[in-house]
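Student: I have a chain open here and would like to go through it with you. Can we start with one of the helices and then move around?

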Amino acid sequence: MASILSSGALAQTVPTSQTSNTWYQQGQEKIIAKLNQQRSIKAKNVILFVGDGMGVSTLTAARILEGQLNGGMGEEGYLSFEEFPYSALVKTYNVDAQTPDSAGTMTAMMSGLKSDAGVLGVNEDVVRGNCASTKGNEVVTAVELAEIKGISTGIISTARITHATPAAAYAKSADRNWEDISDMNIAENPERANCEDIAAQLINFETNLEKRFLGVDVDGIEVVMGGGRRHFLPKDAAFNSADAVSAVEGDRTDSRNLVNEWQEKYPQGRYVMDKAGFEAIDAETTPQLFGLFNESHMQYEADRMNDIAGEPSLAEMTAKAIDVLDNNEKGFFLTVESGRIDHGHHAGNASNALTDTIELAKAVKAAMDATNEEDTLIIVTADHSHVFTIAGYPKRGNPILGKVVGVGSEEPSLAKDGMPYTTVGYANGLGYRDLGNETDADATYSEGAMAGRIDLTSVDTTASGFHQETTVPLGSETHAGEDISVHAMGPSAHLIQGTVEQSVIFHLINRALGLVD
């Protein structure tokens with residue numbers, strides 16, 4: 001148990017098991033080695049954007065699609081953050097996995113050390129699924145350090161707020177799937193009763209942090225917005241929200257209503273669950289904001305207008321969060337995840353994945369417009385890539401979601417089987433679907449995998465409901481293991497160059513905000 005006497009003693013919040021970790025030390029050394037460069041180092045604010053599953057091929061395709069939607073050829077454009085002055089490649093593997101998962105990758109970005117796949121906020125010594133193994137192996141995250149320093153914090157996601165990427169910012173769990181107590185199967189694993197589910201950890205963040213470090217007095221995460229209401233509500237239809245999809249929305253089997261518990265902790269805070277409530281928030285007078293806009297994940301951007309109660313966009317949530325957080329003169333640290341890029345790819349639907357990537361770029365632009373480059377570091381990256389490809393020899397300006405049409409031709413190119421083929425595709429997954437104008441990529445899961453070639457001659461492959469062909473049939477498309485990119489602007493941005501381990505991103509945030517002396 002560490003003891004904190006002042007912000008000047010923040011170094012004591014990071015346990016020796018964390019600072020002595022090789023990943024932590026190597027990342028710190030890379031950042032320190034660049035400190036002699038004469039550029040602004042300290043930032044008042046840091047915003048970390050994570051495009052879940054936003055690999056380099058996704059960036060390229062989204063850039064082209066955005067340009068084509070705006071009437072251009074596409075290839076000549078840039079997503080908002082691609083024009084940032086500094087960028088690097090990032091190695092994403094987990095300690096135990098060549099191709100990573102989001103829990104291990106976000107833990108690396110939040111703590112400065114790599115960990116195993118499937119675990120949150122803990123080091124590599126944890127055994128997945130073993131509750132007891134978390135004890136003593138918890139790491140300290142940038143969100144926790146920011147809170148201890150008196151900086152305001154926020155976490156936004158279009159996925160469930162208890163999902164792996166956002167949860168890595170605040171939770172310690174031997175399994176990313178323990179989103180609420182019903183997921184822990186305590187009846188058959190009684191030792192798990194000693195661990196707290198992820199949703200409960202979010203509600204108890206302030207209490208848990210103060211217990212963990214004696215002398216610390218924090219005021220809790222100021223802004224939390226995303227999906228995942230089901231993990232905060234009792235398994236009782238009486239607690240259903242207005243836009244509940246299931247007959248019983250809540251999943252919790254312990255009868256706890258965590259929304260009510262949050263409201264009791266923060267009586268001056270605002271809880272919202274729809275677009276009307278979101279728009280009614282007065283950012284100047286709202287000290288805490290808790291938004292849960294869907295039973296499960298929030299809608300894909302293309303499908304958002306079909307939500308029953310209405311949802312804010314990622315750009316709108318980002319702007320609102322900044323308006324709330326910048327009330328603190330000491331600054332803020334905001335984490336923003338575009339979680340459904342990943343889900344569009346898993347469903348084998350490039351249209352949804354790319355549309356959500358474009359929305360992420362809009363959210364970054366909103367953050368740029370609301371902050372000052374002189375005092376705000378903005379980082380945009382991904383947690384991992386996907387087996388998403390751009391191939392063939394299409395001519396310049398050919399629709400990125402269309403069939404390949406070669407240079408000098410007006411007709412689709414034909415493969416050796418005599419059939420046309422698309423520019424973008426997937427190496428594995430559920431494969432071909434022609435769902436017309438369907439804007440919910442997850443509709444594909446109602447059918448089995450369909451690998452191999454399909455005659456696409458009369459199929460509109462640019463339609464939102466088209467799912468690309470695949471080679472290897474799987475129940476869901478998988479992550480990929482190649483490097484992803486990171487883009488940065490603002491104080492300390494120049495410290496991120498070359499090819500780095502994913503854990504270095506924490507050290508960049510730490511150096512900019514001065515979290516650990």
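Tutor: Yes. In α14, the buried residues are Val 504, Ile 505, Phe 506, His 507, Leu 508, Ile 509, Asn 510, Ala 512 and Leu 513. Keep in mind that this is a predicted model.

Student: Why is α14 described as largely enclosed by the rest of the structure?

Tutor: Because nine of the 10 residues of helix α14, which spans residues 504-513, are buried.

Student: What follows α14?

Tutor: Gly 514 does, and its phi is positive, near 65°.

Student: OK, a glycine. Which residue that is not a glycine has a positive phi of about 80°?

Tutor: Ser 492 has that phi of about 80°. Ser 492 sits in the loop that runs between β18 (484-489) and β19 (498-501).

Student: Is Ser 492 buried or exposed?

Tutor: Buried: the relative accessible area of Ser 492 is 0%.

Student: And which residue has a positive phi of about 50° without being a glycine?

Tutor: Asn 185, with phi at about 50°. Asn 185 belongs to the loop between α6 (164-167) and α7 (198-203). Its relative accessible area is 34%, so Asn 185 is classed as partly exposed.

Student: Switching to cysteines. How many disulfides turn up in a search of the whole structure?

Tutor: One. Cys 131 pairs with Cys 195, and their sulfur atoms are 2.0 Å apart.

Student: Where are the two cysteines?

Tutor: In distant parts of the chain, 64 residues apart. Cys 131 is in the loop between α4 (102-111) and α5 (142-149), while Cys 195 is in the loop between α6 and α7. The loop between α6 and α7 also contains Asn 185.

Student: What is the handedness of the link between Cys 131 and Cys 195?

Tutor: Right-handed, with 100° about the S-S bond.

Student: Are those cysteines buried or exposed?

Tutor: Both Cys 131 and Cys 195 are buried.

Student: Now salt bridges. How many does the structure hold?

Tutor: There are 24 salt bridges. One of them joins Asp 175 and Arg 128, with 3.4 Å between the closest N and O atoms. This pair again links distant parts of the chain, 47 residues apart: Asp 175 is in the loop between α6 and α7, and Arg 128 is in the loop between α4 and α5.

Student: Which loops hold the disulfide cysteines, just to line that up?

Tutor: Cys 131 is in the loop between α4 and α5, and Cys 195 is in the loop between α6 and α7. Asp 175 and Arg 128 therefore bridge that pair of loops as well.Student: How accessible are Asp 175 and Arg 128?

Tutor: Asp 175 is buried, with a relative accessible area of 12%. Arg 128 is partly exposed, at 41%.

Student: What does Arg 63 form a salt bridge with?

Tutor: With Glu 82, where the closest N and O atoms are 2.7 Å apart. Arg 63 is in helix α3 (residues 56-69), and Glu 82 is in the loop between α3 and β3 (86-91), with 19 residues separating the pair along the chain. Glu 82 counts as buried, its relative accessibility being 15%.

Student: And Arg 453, what is its partner?

Tutor: Glu 469, with the closest N and O atoms 3.1 Å apart. Arg 453 is in the loop between β14 (433-434) and β15 (466-467), and Glu 469 is in the loop between β15 and β16 (470-473), so the salt bridge ties together parts 16 residues apart in sequence. Arg 453 is partly exposed at 33% relative accessibility, whereas Glu 469 is buried at 12%.

Student: Which residues are linked in a network of salt bridges?

Tutor: Glu 75, Glu 76 and Arg 396 are linked that way.

Student: On to the surface. Which residues form the negative patch?

Tutor: Asp 282, Glu 284, Asp 323, Asp 326 and Glu 329 form it. Glu 329 lies in the loop between α11 (314-325) and β9 (332-338). Glu 329 counts as exposed because its relative accessibility is 66%.

Student: Last one. Where is Leu 258?

Tutor: In helix α9, residues 258-265. Leu 258 is buried, with a relative accessible area of 0%. The C-alpha atoms of Leu 258 and Ser 338 are separated by 24 Å, and the two residues are 80 residues apart along the chain.

Technical notes:
Residues are numbered from 1 along each chain as its sequence is written. This is a predicted model: local features need pLDDT of at least 70, side-chain atom pairs count only at pLDDT 80 or more; totals for chains, interfaces and linings use all residues. Side-chain values use heavy atoms; hydrogens and water are left out. Patches are made of residues with over 30% relative accessible area and no salt bridge: like charges are joined within 9 Å, nonpolar side chains (Val, Leu, Ile, Met, Phe, Trp, Tyr) within 5 Å. Accessible areas come from the Shrake-Rupley method with a 1.4 Å probe; for residues, only the protein chains shown count as cover. A salt bridge is a side-chain nitrogen of Lys or Arg within 4 Å of a carboxyl oxygen of Asp or Glu. Lys and Arg count as positive and Asp and Glu as negative; His and the chain ends are not counted. The place of a charge is taken as NZ of Lys, CZ of Arg, CG of Asp or CD of Glu. Helices (H or I, at least four residues) and strands (E, at least two) are DSSP runs, numbered from the N terminus. Buried means under 20% relative accessible area, exposed over 50%, partly exposed in between (1.4 Å probe, protein chains only). A disulfide is a pair of cysteine sulfur atoms within 2.5 Å.
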